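Hi,

Here is the structure I promised to pass on. Have a look at it first, and then read my notes underneath.

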Amino acid sequence: MAANSELSDVFAHIDTERESFIQRLVDYVRHPSISAHNIGIKEVADILIDMLGKLGADARLVPTAGHPMVVARWLEAKGAPTVLLYGHYDVQPPDPLELWISPPFEPTIRDGRIFARGVADNKGQHLAQILAIESLLKVRGRLPCNVILLLEGEEEVGSPHVADFVREHRDLLKADFAVTADGPLPPSGRPTVKLGSRGVITFDLVVKHANRDVHSGNFGGVVPNPLWTLVHLLATMKNDRGEITIDGLHDAVAAPTAAELLAAARLPLDLEGVKRSLGLSRLDAPPERDYYERLCFRPTLTINGLHGGYGGPGSKTVLPHEAIAKCDIRLVARQDAADILRKVEAHVAKHAPEVKVVSHGPGMQPSKTPITSKHLAPIRQAMLAAQGVEPLIFPAGFGSLPGYAFTDILGIDAFVTPYGNADEPNHAPNENLKIDCFFNGIRTGAALLDELGRAKLG
Ligand SMILES: [Zn+2]
């Protein structure tokens with residue numbers, strides 16, 4: 001562990017409070033806040049407002065067209081930068097309940113981990129940021145920089161209102177850059193910084209020919225088969241060389257810079273280990289494409305499911321009358337979710353006009369922070385001070401988070417710094433957070449604010 005003398009008082013406080021901080025997290029995750037089912041949202045938002053008010057913040061619950069935003073601001077560090085910390089207080093539904101070893105809302109400690117729904121995604125991660133703030137206030141009496149904490153209640157249902165909220169409350173959120181602590185660390189547990197995230201759209205391709213299923217002998221070759229219609233359409237959307245062939249899909253893709261490619265090449269990779277753990281004999285086409293290039297810089301088209309006709313035991317010589325393909329497209333920097341959906345619709349209209357494209361909503365935009373951002377240095381320094389290890393720098397995150405609200409609407413750099421263990425099973429049964437990861441998060445959060453205090457403006 002790096003001995004950072006400047007922070008030893010704060011780190012000592014965090015060590016002293018170890019048991020009480022664990023208890024605070026246990027108490028917090030005991031409260032369900034399931035956005036998809038509107039369970040416990042208001043209660044947990046009120047708990048947060050109370051907790052943040054006691055820390056001297058200007059804390060308010062701001063309504064949206066959906067669940068409210070929790071906003072807490074500490075803006076008394078004159079001349080120091082302002083960091084916007086984003087997280088979400090809603091959690092995924094806990095189903096299937098029978099697969100949980102201990103009940104999802106009765107937090108249980110086993111093997112150095114706390115098991116509960118939402119403990120890693122995202123309550124333990126933003127509570128770590130809050131406890132970092134609390135520790136600095138306790139030890140130093142004030143915060144070294146300005147902090148705005150934004151906690152959303154709808155991240156697990158796709159953050160449908162974050163863009164409008166940010167657009168309408170620019171003044172409340174005026175910051176130099178944004179940091180999101182969410183998601184898992186890589187398997188090595190090395191501290192990690194991600195410069196943005198991929199976007200996503202989801203849609204169904206639906207086709208119906210006859211008005212009922214028919215006999216494949218009496219009608220096969222006469223009645224068109226909707227599954228074949230979808231198979232032919234899908235074959236025009238991606239070829240066997242792994243190239244997505246939807247017209248215009250790649251038009252806006254920003255080519256990675258030399259520095260981004262270098263950062264991706266520096267990331268550790270155990271390709272044989274990945275293949276072994278997944279039981280794979282090969283990667284998706286094209287075989288020569290670099291592993292991280294696939295995940296950071298390339299869009300994907302995934303068939304999530306292809307449904308229709310008979311799937312039961314034995315055979316059934318039926319000709320189905322309808323079929324559906326559920327799909328998602330992950331987007332990379334400079335692609336626009338609405339534009340890509342329009343391109344999918346145009347492609348389908350051209351190649352299979354009988355097929356309907358049913359969108360599941362606006363999706364999420366990609367976001368990108370330049371690798372040359374001046375705010376990367378204090379984040380790296382903080383990780384070094386708190387964990388004694390240089391962080392891994394990912395030119396982009398692979399999944400989808402609402403960072404575009406900061407990069408594209410507020411126009412500030414946004415970083416993702418996950419605190420969760422690689423095997424946190426978020427969204428799945430037995431979600432857990434390693435207690436060590438929780439404390440690394442608290443220390444890192446404190447170190448970041450301390451670093452920013454040193455970087456006084458002017
Ligand atoms: Zn999640």
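Below is what I found, starting with the metal site and moving on to the sheets.

One thing to keep in mind throughout is that this is a predicted model.

**The zinc site**

A good place to begin is the zinc ion. Its protein donors come from Asp-121 (OD), Glu-156 (OE, listed twice) and His-427 (NE2), at 1.9 to 2.5 Å from the metal. The angles among the four donor atoms run from 55 to 136 degrees, and the site is irregular. It falls outside the tetrahedral class because that class needs all angles to lie between 85 and 135 degrees. Along the sequence, the donor residues follow the spacing D-x34-E-x270-H. Two of them tie together distant parts of the chain: Asp-121 sits in helix 4 (residues 119-140), while His-427 is in the loop between strand 18 (413-416) and strand 19 (432-434), 306 residues away.

Are these two donors buried or exposed? Asp-121 is buried, with 4% relative accessibility. His-427, at 40%, is partly exposed. The reason they fall into separate classes is the cut-off: buried means under 20%, and partly exposed covers the range from there up to 50%.

**Glu-260**

Next, find helix 8 (residues 258-266), which holds Glu-260. This glutamate has a relative accessible area of 5%, so it counts as buried. A polar atom of the Glu-260 side chain is 2.9 Å from the backbone nitrogen of Thr-257. What does Glu-260 touch once neighbours within four places in sequence are set aside? The answer is Phe-297, Lys-368, Ile-371 and Pro-395.

**Strands 3, 6, 7 and 18**

Now for some parallel pairing. Strand 3 (residues 82-88) is largely enclosed by the rest of the structure, since seven of its seven residues are buried. Thr-82, Leu-84, Tyr-86 and His-88 point one way from strand 3, and Val-83, Leu-85 and Gly-87 point the other way.

Strand 3 pairs with strand 6 (residues 146-152) in the parallel sense, over seven bridges. If you want a spot to look at there, Tyr-86 has Leu-150 of strand 6 as its bridge partner. Strand 3 also pairs with strand 7, again in the parallel sense, this time over four bridges. Here Leu-84 is opposite Ala-178, and Val-83 is opposite Phe-177.

Strand 7 (residues 177-180) is covered on both faces: Phe-177 and Val-179 are buried on one side, and Ala-178 and Thr-180 are buried on the other. Four bridges also connect strand 7 to strand 18, with the two strands running parallel. Within that pairing, Val-179 has Phe-415 as its bridge partner.

**The four-stranded sheet**

There is an open sheet of four strands, in the order 12-14-10-15, and its pairing is antiparallel. Strand 12 (300-308) and strand 15 (356-359) are at the edges with a single partner strand each, so each has one side with no neighbour in the sheet. On average, neighbouring strands of this sheet are turned by 25 degrees against each other, ignoring direction.

How many bridges join strand 10 to strand 14? There are 10 between strand 10 (residues 199-208) and strand 14 (residues 322-331), and the two run antiparallel. One pair to look for is Gly-199, which stands opposite Leu-331 in strand 14. Helix 7 (residues 226-237) lies across strand 10, strand 12 and strand 14, at about 20 degrees to strand 14.

**The three-stranded sheet**

Finally, there is an open sheet of three strands in the order 4-5-19, with antiparallel pairing. Its edge strands are strand 4 (108-110) and strand 19, each of which pairs on one side only. Neighbouring strands in this sheet are turned by 25 degrees against each other on average, with direction ignored.

Strand 4 and strand 5 (residues 113-115) are joined antiparallel by three bridges, and Arg-110 has Arg-113 in strand 5 as its bridge partner. Helix 14 (residues 435-454) packs on this sheet and touches strand 4, strand 5 and strand 19. The direction of helix 14 makes about 65 degrees with that of strand 19.

Happy browsing!

How values were computed
Residues numbered from 1 in each chain as written. Predicted model: local features only at pLDDT ≥ 70, side-chain atom pairs only at ≥ 80, totals over all residues. Heavy atoms only, no water. Donors = N, O, S within 2.8 Å, 3.2 Å for Na, K, Ca; no water. Tetrahedral: all angles 85-135°; square planar, octahedral: opposite > 155°, others 65-115°. Buried < 20%, exposed > 50% of the residue type's maximum accessible area, 1.4 Å probe, protein only. Polar contact = N/O pair within 3.5 Å; in protein donor to acceptor, adjacent residues only side chain to side chain. Contact = heavy atoms within 4.5 Å. Pairing = 2+ DSSP bridges. Axes fitted to C-alpha atoms, helices over the stretch in contact; angles between N-to-C directions.
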